[in-house]
Amino acid sequence: MADSVAALVPTPPLERARTDAIPWYVWAVLVAATSAVVGVIWDISWHRTIGRDTFWTPAHMAIYASGIIAGVSCGSLVLKITFAGDAADRATGVRFWGFRGPLGAWLCIWGALAMIVSAPFDNWWHNAYGLDVKVLSPPHVILALGFSGIELGAVLLVVALQNRAAGGGGGLGRAKPYSLLLAYGFGILLLNKAIMGFEQIGFPQDAHNGLYYEVCAAVFPVLLVAGARASTLRWPATTAAAVYLGISLIMLWLLPLFPATPKLAPVYRPLTHMVPPPFPLLLVVPALGVDLLMRRLGTGRDWLLAPLAGVTFLALLFVTQWFATEFQISPASETFLFGAARWNYNSLPGDWEHRFWKIGNDPATPAKLAVAAVLATVSTRVGLWFGNGLARVRR
């Protein structure tokens, strides 16, 4: 894959591609990517507050709007470049089945098609089995692959524009708007992966478990490091983590403002408003450490950087989450700021709400943290490889 990504080196017409204004399709795919993660968070809250409802809920509409927006915008872009594009337009595309378009647009189109396929499958699944026991049910896996493709496609579209702007004579100043949008795209990907790991890392009550840190170490460094290596910003990983935190907090504070009541028995909590999502991980702290380390070591020493950045990420995450979650599970945190009335309508009240879970079965032992350190190192090395490839993308 590294060779194929490296092959997307600019040709002379590509360097003359217009990069002054942010193209409309970039805004469209970023809106689509945002709509997907917002809709999924809303949908999880909907199930935790109301239960299984009609397929045509506002949350579902926000999710599938993502596929429609990305599919239509990128499909029209491919058609325009194929049949009405000039030399510069055609130079920015790759050929597939006789059509030509940017690599990110093709990925968005594939993601939109996957989301469309998942819709009737998901509706049938709920009619057959009722409320999901797990977040990643088979139709949800197809759906997640679809909107993950759209989010990654958005990243590819933006990074190609950033690289062309930086290499076309405008320097880093001309590329900065795209670099900010690239960090935003990686922030959406961080939020996406946090949602997918909801059952392992979603609740602060899991933060004293070994699995919690193993999952975080395997998932987050690859995105933080790839975004940092590909971006021209000074603090790219920190910016992406701030985007993740910001969107998560907006949903945490916004959803409880909407009235809602349970519709599916048994009802153990008489809820009157939407249940907020759990308080997000404080990824800004380890992301800051990653940025500082990557700036200090620079490029060309990736095999040294991988273990150093991986262990740094894990150490900062461990200290931050270990102590922050002690407050987050306490009764003092049950406020609007940290999420009040945060439990499912069908969960029996009990002391489990204010204690860490599964400590006896899965404690965060030195051996498990060592496994997490290995996972963080591997994840960081993959992120460096991926980021190096993204830094060369022009189409």
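Is the crossing of α9 and α13 left-handed or right-handed? In this predicted model, the crossing of the two helices is right-handed. Helix α9 spans residues 210-230 and helix α13 spans residues 366-390, and their axes come within 7 Å of each other while crossing at roughly 20 degrees. Because angles under 35 degrees count as roughly parallel, α9 and α13 are described as roughly parallel to each other. The residues that make up the contact of α9 with α13 divide into 18 nonpolar, 6 polar and 3 charged.

Aromatic rings form a further theme of the model, in which 15 aromatic pairs are found. One of these joins Y212 and Y213 in an edge-to-face arrangement, with 5.0 Å from centre to centre and 70 degrees between the planes. Both partners of this pair are classed as buried, Y212 having a relative accessible area of 1% and Y213 a relative accessibility of 0%. A second pair brings together F279 and F338, whose ring centres lie 5.2 Å apart and whose planes stand at 40 degrees, so that the pair is classed as tilted. In this case F279 belongs to the loop between α10 and α11 (284-297), whereas F338 belongs to the loop between α12 (302-328) and α13, and the pair therefore ties together parts that are 59 residues apart in sequence. With regard to accessibility, F279 counts as buried at 14%, while F338, with a relative accessible area of 22%, is partly exposed; the boundary that separates these two classes lies at 20% relative accessible area. Ring pairs also link F198, F203, W343, W352 and W357 into a cluster.

The surroundings of a single residue, S248, were also examined. This serine is located in helix α10, which comprises residues 236-254, and its relative accessibility of 9% places S248 among the buried residues, because buried means under 20% relative accessible area. When the neighbours within four places in sequence are left aside, S248 is found in contact with L191 and with P280.

Taken together, the model shows a right-handed crossing of α9 and α13, a tilted ring pair of F279 and F338 that ties together two loops, and a buried serine, S248, within helix α10.

Conventions:
Residues are numbered from 1 along each chain as its sequence is written. This is a predicted model: local features need pLDDT of at least 70, side-chain atom pairs count only at pLDDT 80 or more; totals for chains, interfaces and linings use all residues. Side-chain values use heavy atoms; hydrogens and water are left out. Helices (H or I, at least four residues) and strands (E, at least two) are DSSP runs, numbered from the N terminus. Buried means under 20% relative accessible area, exposed over 50%, partly exposed in between (1.4 Å probe, protein chains only). Contact means heavy atoms within 4.5 Å. Axes are lines fitted to C-alpha atoms, for helices over the stretch in contact, and angles run from 0 to 180 degrees between N-to-C directions. Angles under 35 degrees count as roughly parallel, over 145 as roughly antiparallel, 65 to 115 as roughly perpendicular and the rest as oblique. A crossing is left-handed if the near helix is turned anticlockwise from the far one by less than a right angle, and right-handed if clockwise. Ala, Val, Leu, Ile, Met, Phe, Trp, Tyr, Cys and Pro count as nonpolar, Asp, Glu, Lys and Arg as charged, and the others, Gly among them, as polar. Rings of Phe, Tyr and Trp (its six-membered ring) pair if their centres lie within 6.5 Å; planes under 30 degrees apart count as stacked, over 60 as edge-to-face and the rest as tilted.
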